[in-house]
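I opened this notebook to record a few look-ups on helix packing, buried side chains and backbone geometry. The entries follow in the order in which I made them.

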Amino acid sequence: MPQPTKALSRKPSRVSLRIESERKISSNSSISPIVQVTITVIDEEKTESKMSEITGEMIESKSSNKSEIFNPLLSIKKFFRFLLHEILGENFKITDLLQKIVAFARAQAYVLTLFIMMAWSLTFHSWLTFALLAASCVVWMSPNPQQFCFKVAPIVALYATFLLGLQFVYSLNLTQKELPDENPPYLRQFGMEKPRDRAPFADLCLKCLFTSIIFLSIKQKIVELKKKSKEDEMMLESGERKALLESQQEEKGKEKVKKSTMIEKIRKFLADHWVLFTMFLILLISLQAPVVLYRLLYMAFFQTFLVLFQISFPTWRRGLYAFWMSMIIYCMAVVTLIYTFQFHGVPDFYARYLSNDVIHSFGLERISSGQLLIKLLTPISFLIFSLIQVNFFHERLMSRTEKWEQIIFDKKPQLSRIFAELHAQSEMRMDFFRQHFAMVQSLMKREQEEEEAKAKVMAQEGEHKEHQDMKTKVKVYLNKIEKKVERMVNKRNQYAEILWRIIEMHVERAICGLMMYVAITEISATNLPMVFFISLVFSKEHLFNTLSPFLAVWTSALVMCKMFYQMDAFKEEFFEVSCDSEYVNGTYNSMAWSGLNKTPRLASLLWPYILLSVAFAARTVIWLRMTMHRKNKKEAPPLHGIIFSKINRRKADKSLAKCLQYLANYFFYKFGFEVCCVLSVITIGLRCDLYAVFYASFLIVCLCIERQQVARIWPHYRTTLAVLLSIQYIFCVGIPKVFCLE
């Protein structure tokens, strides 16, 4: 009998025929979304065939040579090879990955050049390198930074070569008489300094690396000029030749369309969440100690972003680009001020017009070169994050938020856009029918080839019975796994929707609870609006949407005032009041009544207020998400307090799960009065004062009358509790110490 391996080598297997047919299908033109689903199923079959082929090879090798010991390292190697092919593509190679990385670096050569210019100026502090920093800032601020960078790239390259030559000259072993760098003193300010802390070749190697990257942008400029000249030549050719070239380019572009890989998913994730990373970074920068003016303005930008997002989503979206550009300009100004303040004579210039405390409050101080790099790291890092957001992710964010605005606020697109969308949809349908027809033909051919291959395989069934059984088992297991994964995904989506609904119901109560926590932990007059807000919302729930923007603005103002009071320019001695009366005797800080106190731990003082601002913004995010979800599915908003809208009293008796769902919907509706009575008893036992007598009197009245009568007087009781809450907090705040009254 012939060996199985020889039989497989003579005739093509079903796996090879399937892969060849898949390659034929993938060589077609651009594919519509529905056809992509079909190809996705085929790709899954291809994955199953690859796994079964690996399993078959292991069985065949085991059956052909039973004496050979099984090598687990070989199986692990095959598994990881299969995993890499699934993540990075079928035809993945290390050389292709390196070529893609190099091509991406060339395409973004201007970004690397600008970053190198900034890194050069930070690494080597001088007036000559400050020119590179200023030039990079000017290029970033231009409307088209890529084209402007390519225009100035030759000048920057010549300037970098000049700095490299100057560094080489000052790296020579020459004496002070031959090449001075100490007298006059301004030579070091211009970078004309001999290396003292490290070997000369280290600075030369680093500057050579910087210069080579700057020359990369010149090369990219030449490549684009050649490409443009070729396009101009194509425009001058005949119309037939032009149409032929355009059709070839379209075919090449369609061939480049591949399925999304893990790298693309990561890039999409970064594009969607980069704005959150940027906001988190600006929050970390603004909370650093000590408090200075430029960090205070960072916090102002952060609060403006959150408050404007909550007040008006369309206005926030329209002003987003102006916000990022303002942030970039401000970061560049901060870096420039800190950078230039280290030069000789600049601190004396500022001291002529401002006092030392004011200068220090601005965040300007003389530090060493190593400390300068660390201090500039935070504004530079935020500048880089902002530039990445504007140049790479802003358009995607605007396109996504445009859909939200159209769906939620019912903003219809313009007439031209409607016609363009209709035209695009008609073209898409025509492409779909063409591609579907080609796909049907290829699938019919594939089925015919599979039948022929099946007939050939049936002839060899006795020889490959063990291989076919294993292959069938793997396919059955994969089908079971696929079904289980699909069920898990559906369950996860259901649980996610339930969780979103629970958060939507209780987010307002969570905000009120957080406000009460802030008011209790720091009893001051500035927290009185929060207590008033809680009192009004508990008595009139519909006022939350109306009053929440004002509370968000007030919270942001409190954060700014508390940070402003921490600056060194404000001394506590200015606000101290001495009292010598029969009621109050001593020295007191008059600003403490307003909640303004000096503290060495700024983050612990501000985190409740910042968390409250974030909670207001999160409530807006939840509202946007749920509104868009319901409008996409054309669902009506559920009733107030209802989580499971399909559960009623009849279904509650069918199972324990449905009973729990019914209780989740109507528990407080059924037993809310009893819960309030229990809490009233607990409050009476804890207080034991005049207010407790009032609570006990009302509780006795409620227990003696019927439920309908309780429902009539309950709104008045709730209003009374809200008024009493405000009065008690006012008594706790007391009278300002400036009046010297107790």
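**Entry 1. Serine 535.** I took buried to mean a relative accessible area under 20%, and exposed to mean over 50%. I note at the outset that the model is predicted. I then asked whether serine 535 is buried or exposed. Its relative accessible area is 7%, so I entered serine 535 as buried. I located serine 535 in helix H21, which covers residues 528-539. Setting aside neighbours within four places in sequence, I found serine 535 in contact with Ala722, Leu725 and Ser726.

**Entry 2. The pair H24 and H26.** I recorded an angle and a distance here, because two packed helices are described by the angle between their axes and the distance between the axes. Helix H24 spans residues 656-687 and helix H26 spans residues 707-733; their axes come within 13 Å and cross at roughly 40 degrees. I therefore listed H24 as oblique to H26. The crossing of H24 with H26 is left-handed. On the H24 side I found Phe673, Glu674, Cys676, Ser680 and Arg687, which meet Arg707, Val710, Trp714, Tyr717 and Gln728 of H26. By class, I entered five nonpolar, two polar and three charged residues for the contact of H24 with H26.

**Entry 3. The pair H6 and H18.** I next looked up helix H6 (residues 109-123) against H18, and found that their axes come within 12 Å and cross at roughly 165 degrees. That angle makes H6 roughly antiparallel to H18. I noted a right-handed crossing for H6 and H18. From H6, the residues Tyr110, Val111, Phe115, Met118 and Leu122 meet Leu373, Leu376, Ile380, Leu383, Ile384, Asn391 and Phe392 of H18. The contact of H6 with H18 has 11 nonpolar residues, one polar residue and no charged residues.

**Entry 4. Threonine 401.** I stayed with H18, which runs over residues 369-408 and holds threonine 401. The relative accessible area of threonine 401 is 1%, so I recorded this residue as buried. Which side chain does the side chain of threonine 401 meet in a polar contact? I found that of arginine 317, at 3.0 Å. Beyond neighbours within four places in sequence, threonine 401 is in contact with Phe313, Trp316 and Arg317.

**Entry 5. Backbone geometry.** I searched for departures from the usual backbone, since most residues other than glycine have a negative phi, and most peptide bonds are trans.

- I found a cis peptide bond between alanine 289 and proline 290, with omega about 0 degrees. Proline 290 lies in the loop between helix H12 (262-286) and helix H13 (293-311).
- Lysine 634, although not a glycine, has a positive phi of about 55 degrees. I placed lysine 634 in the loop between helix H23 (602-633) and H24. With 77% relative accessibility, lysine 634 counts as exposed.
- Cysteine 688 is likewise a residue other than glycine with a positive phi, near 55 degrees. I placed cysteine 688 in the loop between H24 and helix H25 (690-704). Its relative accessible area is 63%, so I entered cysteine 688 as exposed.

Note on methods. Residues numbered from 1 in each chain as written. Predicted model: local features only at pLDDT ≥ 70, side-chain atom pairs only at ≥ 80, totals over all residues. Heavy atoms only, no water. Axes fitted to C-alpha atoms, helices over the stretch in contact; angles between N-to-C directions. Helix = DSSP H or I, 4+ residues; strand = E, 2+ residues; numbered from the N terminus. Parallel < 35°, antiparallel > 145°, perpendicular 65-115°, else oblique. Left-handed = near helix turned anticlockwise from the far one by under 90°. Contact = heavy atoms within 4.5 Å. Nonpolar A, V, L, I, M, F, W, Y, C, P; charged D, E, K, R; others polar. Buried < 20%, exposed > 50% of the residue type's maximum accessible area, 1.4 Å probe, protein only. Polar contact = N/O pair within 3.5 Å; in protein donor to acceptor, adjacent residues only side chain to side chain.
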